[in-house]
Amino acid sequence: RTASPLLFPLQKWALLALSSCSSLCCLCCLLGLLVAIGLTLGTQGRALLGPCSTGSSTLAPVNRECPFDPTRVYVSAPGLGTA
């Protein structure tokens with residue numbers, strides 16, 4: 001059996017709609033990334049440590065106000081060199 005000729009145009013429109021939504025989502029993510037990089041470079045990284053409430057931002061511990069430990073080096077499992 002062959003598919004209905006009406007199905008092919010519907011598939012093309014569905015593919016066009018999905019790819020358009022995907023492209024729009026990608027552009028929004030890219031815009032957000034560019035804004036984040038711009039803010040980080042513009043404030044020389046101080047915006048990242050803004051929520052940290054300690055006096056010295058270089059030695060800020062992990063707490064409720066500071067979302068991460070800036071003194072810790074985060075390494076993923078593939079970066080450990082184990083096979």
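A residue counts as buried when its relative accessible area is under 20%, as exposed when that value is over 50%, and as partly exposed in between. Keep that in mind while we walk through this structure, which is a predicted model.

Let's start with Thr40. This residue sits in helix 1, and its relative accessibility is 26%, so Thr40 counts as partly exposed. The side chain of Thr40 also has a partner: one of its polar atoms lies 2.8 Å from the backbone oxygen of Ala36. Ala36 turns up again when we look at Ala47, a residue in the segment after helix 1. Ala47 and Ala36 are 11 residues apart along the chain, and their C-alpha atoms are separated by 9.8 Å.

Now zoom out. The protein chain has 1 helix and 0 strands, and helix 1 covers residues 7-42. An unreviewed UniProt entry lists residues 13-39 as "transmembrane region". In the model, that stretch is 100% helix and 0% strand, with 39 Å between the C-alpha atoms at its ends.

How much of the chain is buried? Buried residues make up 7% of the 83 residues. The accessible surface of the chain comes to about 7200 Å², and carbon and sulfur atoms account for 70% of that area.

Part of the surface forms a nonpolar patch of about 610 Å², made by Leu27, Leu30, Leu33, Leu34, Ile37 and Leu41. Leu34, one of these patch residues, is in helix 1 and counts as exposed.

Here is how a few residues compare on accessibility:

| Residue | Relative accessibility | Class |
|---|---|---|
| Cys21 | 53% | exposed |
| Leu34 | 52% | exposed |
| Ala47 | 48% | partly exposed |
| Thr40 | 26% | partly exposed |

Finally, the cysteines. A disulfide is a covalent bond between the sulfur atoms of two cysteines. How many disulfides does the model have? The count comes to 0. Cys21, for one, is in no disulfide, and its nearest cysteine sulfur, in Cys25, is 9.0 Å away. To count as a disulfide, two cysteine sulfur atoms must be within 2.5 Å. Why does Cys26 not bond with Cys29? The sulfur of Cys29 is the closest cysteine sulfur to that of Cys26, but the two are 6.8 Å apart, which is too far for a bond.

Terms used:
Residues numbered from 1 in each chain as written. Predicted model: local features only at pLDDT ≥ 70, side-chain atom pairs only at ≥ 80, totals over all residues. Heavy atoms only, no water. UniProt positions renumbered as here; feature names shortened; annotations may be inferred. Helix = DSSP H or I, 4+ residues; strand = E, 2+ residues; numbered from the N terminus. Buried < 20%, exposed > 50% of the residue type's maximum accessible area, 1.4 Å probe, protein only. Patch = residues over 30% accessible without salt bridge, like charges linked within 9 Å, V, L, I, M, F, W, Y side chains within 5 Å. Areas by Shrake-Rupley, 256 points an atom, 1.4 Å probe, with all protein chains shown as cover. Salt bridge = Lys/Arg side-chain N within 4 Å of Asp/Glu carboxyl O. Polar contact = N/O pair within 3.5 Å; in protein donor to acceptor, adjacent residues only side chain to side chain.
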